[in-house]
Amino acid sequence: MTSTATTRATEIVLPGTVEPSGLEIRTRELPPPAEGQVVLRMDATGVSFAEQQMRRGKYYNQPPFPFVPGYDVVGTVTATGPGVDAGLTGRRFAAVTKVGGWASHLLIDAADLVPVPDGVDAAAAETVVINGITAWQMLHRMAKVRPGGTVVVLGANGGVGSILVQLARHAGIAVIGTASPRHHTTVAGWGAIPVDYRDPDLYGRIRGLAPDGVDAVFDHVGGDGLVESWRLLRRGGTLVSYGTAASKDDAGSSQLPVLRLFARLAVWNCLPNGRSAHFYNFWAGRRRLAAFRNRLSEDLSQVLRLVADGVLTPQIAAEFPLSDAASALELAESRTVAGKVILVPGA
């Protein structure tokens, strides 16, 4: 049955370029779901690097302030709009929202929902939504590394990095992963070779481990270090850049570091050395919306199935109630944790 009732939602609002403590809490009435929409009750959402950049006004193409952040969400359908199967009510789904996920309830297009397998905890599923899709697509759709290859994962203890390492090892690919020493035991436990990211001779250490070069480097840092990542590649290797963390605290335009990055990658792709460089853009291809949604659903379903089968171990750094999103954001930005910081509804 189509719902005509309103729902009271609690939301975390990012009012401007504030410290985490400047986040605001509001409540409002959500209207009934429109054609093709559902009301999703949030069971888990997360803190990604995107929100860390957004609070600084540094995320590429972010909406104007104020807005509700939250790049992805796992939740239960509580109401359906016209044209939506009422049988979805009571079932758990994952979705990528880009913004809006830090809320107790939200309106979302039913076409964006991906079923969460029975037996997979909401927080566990949340760790692999945007991070899992990103890792899967970079490894299997972009770099296309074959079994027996070797890759470098910068930030191997992070949200995306931890999944990249596990996916690569599952595919029979050797991994060299950078992380702080406190996380080396964890990274090694996934089957990767850990290297201290603060080692002054970091790239020399990696070249010593892979003297013939590597098949792919996954770099979320950008900046001057990107040149070193490029130099690690063997002939035929692929550099996948998916962030500009090195410039997150720089003043000025949020778009300029990305545009500089694009220009650098374009120049490298013109060199006659058999290597390639790409920037991973999750939203690429969204103009063909149906194909984009199908690809997203297919890839996330693969990742969630690996979680259900015990192949992927979700890395939950910590859980906070939605009302304490400020503490969650502070912890995520501390760079002291392995995995993803999760927000749950709370009392």
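The largest nonpolar core of this predicted model comprises 87 residues. Val96, Trp102, Leu113, Val151, Leu164, Phe218 and Phe282 are the residues with the most contacts inside that core. In soluble globular proteins, nonpolar side chains tend to be buried together. Phenylalanine 218 illustrates the packing: leaving aside residues up to four places away in sequence, Phe218 touches Met138, Leu139, Ala143, Val151, Val152, Val153, Leu154, Leu164, Val240 and Tyr242. Apart from the largest core lies another, of 20 residues, which includes Leu202, Tyr203, Ile206 and Val227.

The chain as a whole provides the setting for these cores. Its secondary structure amounts to 10 helices and 15 strands, and buried residues make up 54% of the 347 residues. For a chain of 347 residues, a compact globule would have a radius of gyration near 20 Å; the value for this chain is 20 Å, so the two agree. The C-alpha trace spans about 65 × 40 × 40 Å along its principal axes. Among contacts with a separation of 6 or more, 68% are between residues 24 or more positions apart.

Phenylalanine 218 also leads into a sheet, since it belongs to strand S11 (residues 214-219). This open sheet has six strands in the order S10-S9-S8-S11-S12-S13, and their pairing is parallel. At its edges are strand S10 (193-196) and strand S13 (276-279), each of which pairs on one side only. From one strand to the next, the twist averages 15°.

Within the sheet, strand S8 (residues 150-153) has partners in both S11 and S9. Three bridges connect S8 with S11 in the parallel sense, and valine 153 stands opposite phenylalanine 218 in S11. Four bridges join S8 to S9, and these two strands also run parallel; here valine 152 has isoleucine 176 in S9 as its bridge partner. Strand S9 (residues 174-179) is largely enclosed by the rest of the structure, because five of its six residues are buried. In a regular strand the side chains alternate between the two faces of the sheet.

Towards the S13 edge, a helix joins the arrangement. Helix H8 (residues 256-269) packs on the sheet and touches strand S12 (233-241) as well as S13. The direction of H8 makes about 155° with that of S13.

The contact between this helix and S13 can be followed through aromatic rings. A search of the whole structure finds eight aromatic pairs. A pair of aromatic rings is described by the distance of the centres and the angle of the planes. For phenylalanine 262 and phenylalanine 279, the ring centres are 5.1 Å apart and the planes lie at 70°, so the pair is edge-to-face. Phenylalanine 262 is in helix H8 and phenylalanine 279 in strand S13, and the pair thereby links distant parts of the chain, 17 residues apart. Phenylalanine 262 counts as partly exposed because its relative accessibility is 34%; phenylalanine 279, at 25%, likewise counts as partly exposed.

Phenylalanine 282 and tryptophan 283 form an aromatic pair that is also edge-to-face, with 4.8 Å from centre to centre and 85° between the planes. Both of these residues are buried. They belong to one aromatic cluster together with Tyr59, Tyr71 and Phe292. Phe282 thus returns the account to its starting point, as one of the residues with the most contacts inside the largest nonpolar core.

Technical notes
Residues are numbered from 1 along each chain as its sequence is written. This is a predicted model: local features need pLDDT of at least 70, side-chain atom pairs count only at pLDDT 80 or more; totals for chains, interfaces and linings use all residues. Side-chain values use heavy atoms; hydrogens and water are left out. A nonpolar core is a set of buried Ala, Val, Leu, Ile, Met, Phe, Trp, Tyr and Cys residues joined through side-chain atoms within 4.5 Å. Buried means under 20% relative accessible area, exposed over 50%, partly exposed in between (1.4 Å probe, protein chains only). Contact means heavy atoms within 4.5 Å. Two strands pair if DSSP finds at least two bridges between them. Axes are lines fitted to C-alpha atoms, for helices over the stretch in contact, and angles run from 0 to 180 degrees between N-to-C directions. Rings of Phe, Tyr and Trp (its six-membered ring) pair if their centres lie within 6.5 Å; planes under 30 degrees apart count as stacked, over 60 as edge-to-face and the rest as tilted. The radius of gyration is taken over C-alpha atoms; the globule rule is 2.2 Å times the number of residues to the power 0.38.
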